[in-house]
Amino acid sequence: MYKRILVPVDGSETSNRALVAALQMARESGGRVRIVHAFDELAYLSGFEYGADILQVARQYATKVLDAALDMAKSAGVPADARLLDAPGQRLGDLVAAAAREWEADLVAVGTHGRRGASRVLLGSGAEQVLRMAPVPVLAVRAPEA
């Protein structure tokens, strides 16, 4: 059914759950997965710290997140590749939508914390952005109930 599944990851439990679901679907359908991580260097700079050091640490973390996700795909026996979406100042929803179009994905799998009310308003929702902007169906995988 779904042959090209795009999965944005951030290293959180919820994004890993979305990746596991995507890998299972890809394995069952003979599909493949593209794993993406959005890196916005502007989010790490406030003008009061040593910018180069912070950016280097943030890039190393982004690489670790992608490598760990690729290891999960390899362990699952699913063909996968990974991309770092490096676009300063762009919203996650826009980045994921563009990546889905460019790769011709037929599904996006995203983890969501399922926040409601004030916490969603105050913290925003990357998953909600992806749901609104994606050019293809989106599988939203919720965090386990606490």
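These exercises work through a predicted model of one chain, each with a stepwise solution.

Residues are numbered from 1 along each chain as its sequence is written. In this predicted model, local features need pLDDT of at least 70, side-chain atom pairs count only at pLDDT 80 or more, totals for chains, interfaces and linings use all residues, and side-chain values use heavy atoms, with hydrogens and water left out.

**Exercise 1. Elements and confidence**

Task: State how many helices and strands the chain has, and find where confidence is lowest and highest.

Solution.
- Step 1. Count the elements. The chain holds 5 helices and 5 strands. Helices (H or I, at least four residues) and strands (E, at least two) are DSSP runs, numbered from the N terminus.
- Step 2. Read the order. From the N terminus on, it is β-α-β-α-β-α-β-α-α-β.
- Step 3. Take the average confidence. pLDDT is the predictor's confidence in each residue, from 0 to 100. The chain averages 85, and 82% of the residues score at least 70.
- Step 4. Find the extremes. Confidence is lowest in helix α4 (residues 117-123), with a mean of 41, and highest in β1, at 97.
- Step 5. Inspect the weak stretch. Over residues 117-124 pLDDT stays under 50, and the model has 5 contacts there beyond four places in sequence. Contact means heavy atoms within 4.5 Å. Where pLDDT is low, the predicted coordinates should not be read in detail.

**Exercise 2. Strand β1 and its partners**

Task: Determine with which strands β1 pairs, and in which sense.

Solution.
- Step 1. Apply the criterion. Two strands pair if DSSP finds at least two bridges between them.
- Step 2. Take β2. β1 and β2 pair in the parallel sense over 5 bridges. Arg 32 in β2 is the bridge partner of Arg 4.
- Step 3. Trace the connection. The chain crosses from β1 through α1 to β2, and this β-α-β crossover is right-handed. The term applies if, with the strands pointing away from the viewer, the path from the first strand over the helix to the second runs clockwise.
- Step 4. Take β4. β1 also pairs with β4 in the parallel sense, over 2 bridges. Here Leu 107 in β4 is the bridge partner of Ile 5.
- Step 5. Check burial. Of the 5 residues of β1, 4 are buried. Buried means under 20% relative accessible area, exposed over 50%, partly exposed in between (1.4 Å probe, protein chains only).

**Exercise 3. Val 7 and the largest core**

Task: Place Val 7 in the fold and list its contacts.

Solution.
- Step 1. Locate Val 7. The residue sits in strand β1.
- Step 2. Assign burial. Val 7 is buried because its relative accessible area is 0%.
- Step 3. List the contacts. Not counting residues up to four places away in sequence, Val 7 touches Ala 18, Leu 19, Ala 22, Val 33, Arg 34, Ile 35, Val 36 and Ala 109.
- Step 4. Place Val 7 in its core. The largest nonpolar core has 16 residues, and Val 7 is among those with the most contacts inside it. Such a core is a set of buried Ala, Val, Leu, Ile, Met, Phe, Trp, Tyr and Cys residues joined through side-chain atoms within 4.5 Å.
- Step 5. Name the contributors. β1, α1 (13-29), β2, α2 (51-76) and β4 each supply at least two residues of this core.
- Step 6. Look beyond this core. Apart from it lies another core, of 15 residues, including Leu 85 and Ala 100.

**Exercise 4. Helix α3 and the residue after it**

Task: Compare the span of α3 with its expected span, then describe its packing and Glu 104.

Solution.
- Step 1. Set up the span. The expected span of a helix is 1.5 Å times one less than its number of residues.
- Step 2. Apply the rule. α3 (residues 92-103) has 12 residues and should span 16 Å. Its end C-alpha atoms are 16 Å apart, so the two agree.
- Step 3. List the buried residues. They are Gly 93, Leu 95, Val 96, Ala 97, Ala 99, Ala 100 and Trp 103.
- Step 4. Identify the packing partners. These buried residues pack against β1 (4-8), β2 (32-39), β3 (80-86), β4 and α5 (126-133).
- Step 5. Move to Glu 104. This residue follows α3 and lies in the loop between α3 and β4. Its phi is near 60°, a positive value in a residue other than glycine. Glu 104 counts as exposed because its relative accessibility is 62%.

**Exercise 5. Thr 112**

Task: Decide whether Thr 112 is buried or exposed, and name its contacts.

Solution.
- Step 1. Locate Thr 112. It belongs to strand β4 (residues 107-112).
- Step 2. Apply the cut-off. Relative accessibility is 16%, so Thr 112 counts as buried.
- Step 3. List the contacts. Leaving aside neighbours within four places in sequence, Thr 112 contacts Thr 14, Ala 127, Ala 140, Val 141, Arg 142 and Ala 143.
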